[in-house]
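Here are some short exercises to work through with the structure open beside you. Try each task before you read its solution.

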Amino acid sequence: MLTHSARRLLCWAAIFVLGFPPLAAVGQMQYPLSVTANADGEIFVADRNLPGVWKIVDGQAEIFFQGSKTFRTPLNAIRCVVLDEKGRLLAGDSSTRDVYRFDADRKPVPLTNGSIGIPMAIAVATTGELYVADLELHRIWKVPALGGKPEEFAVIRAPRGLAIDAENRLFVVSHGDNQILRVDPDGTQHVVVKDRPFDFPHQLVIHPEQGIFVVDGYAKTVWKVASDGTIDTLVSGDPLLNPVGLAGGAQGLYIADPRRKAIYACDFNGKLTTVFPSKSD
């Protein structure tokens, strides 16, 4: 394992020889936007500027998939990652206006034939259907589990984050007039959080016992929303600089902060620890 000093020397050597800094080669994230994790503790991170996906195990990161710098190629502008009901990785990409599912060879397979504008978030029903938040078209699309033509599910202004509860009800955090909405399977919308109490919400997580959590980049905060709509602070401020990605984990939450180039874990008491970079990096 390379020490931090050795990695710096390797990076500068590559700059001298090749003319550019190979950040990916030395395991440094560049702009992590979204994070997801499985029950085994494997963490996947969408890195907008890699561009591609990192996989983190025990604090060590490896490139799971690296896209091309060429526009209109898969995951050139990756926006989000999530795991489906079978544990397979999904990713949304605004460069190709599509959602991808990775196969066993880590190859991204397109699912909608370029039918989605800016896929900012994906949620997966227990039956396998995908819900995709489209920031460009102000829509939530419903996509068949195996892929196909998206069906309009809801019209919501500036949707950014999605989550599904045990009853397959979709929760949406947006920059609209009421920042958290619930959309029932029949498409009926209900206001969960009225008005605009958050500064710049990005993503949300639903926990059956703990409630709803919302990550807010401008406020540098993860908020906790109780069942009665009461909003409290879970964690706020340093080291969080611009937290935008949020995912549920076995013991709490994972947070992606592109300004810090870091992934954090936060328990339900608000205790924050650094997952990546690890102390050995």
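**Exercise 1. Describe the surface and the overall make-up of the chain.**

Start with the surface: the chain has an accessible surface of about 13000 Å², and 50% of it belongs to carbon and sulfur atoms. Such areas come from the Shrake-Rupley method with a 1.4 Å probe; for residues, only the protein chains shown count as cover.

Keep in mind that this is a predicted model: local features need pLDDT of at least 70, side-chain atom pairs count only at pLDDT 80 or more, and totals for chains, interfaces and linings use all residues. Residues are numbered from 1 along each chain as its sequence is written, and side-chain values use heavy atoms, leaving out hydrogens and water.

Next, burial: 53% of the 281 residues count as buried (under 20% relative accessible area; exposed is over 50%, partly exposed in between; 1.4 Å probe, protein chains only).

Then count the elements: there are 1 helix and 24 strands (DSSP runs, of at least four residues for helices, H or I, and at least two for strands, E, numbered from the N terminus).

**Exercise 2. Work out how the strands of the open sheet are arranged.**

First find the order: this open sheet of 4 strands runs E17-E18-E19-E20, with antiparallel pairing. Two strands pair if DSSP finds at least two bridges between them.

Now look for the edges: strand E17 (201-207) and strand E20 (231-236) each pair on one side only. The twist from one strand to the next averages 25° (axes are lines fitted to C-alpha atoms, for helices over the stretch in contact, with angles from 0 to 180 degrees between N-to-C directions).

Finally, zoom in: strand E19 (residues 221-225) and E20 are joined in the antiparallel sense over 5 bridges. Val 222 has Val 235 in E20 as its bridge partner.

**Exercise 3. Analyse the aromatic pair of Phe 64 and Phe 102.**

Begin with the rule: rings of Phe, Tyr and Trp (its six-membered ring) pair if their centres lie within 6.5 Å; planes under 30 degrees apart are stacked, over 60 edge-to-face, and the rest tilted. This rule gives 7 aromatic pairs.

In one of them, Phe 64 and Phe 102 sit edge-to-face, 5.3 Å centre to centre with 75° between the planes. The pair links distant parts of the chain, with Phe 64 in strand E4 (residues 60-66) and Phe 102 in strand E7 (residues 98-102), 38 residues apart.

To finish, check the surroundings: Phe 64 and Phe 102 are both buried, and they belong to one aromatic cluster with Phe 44 and Phe 65.
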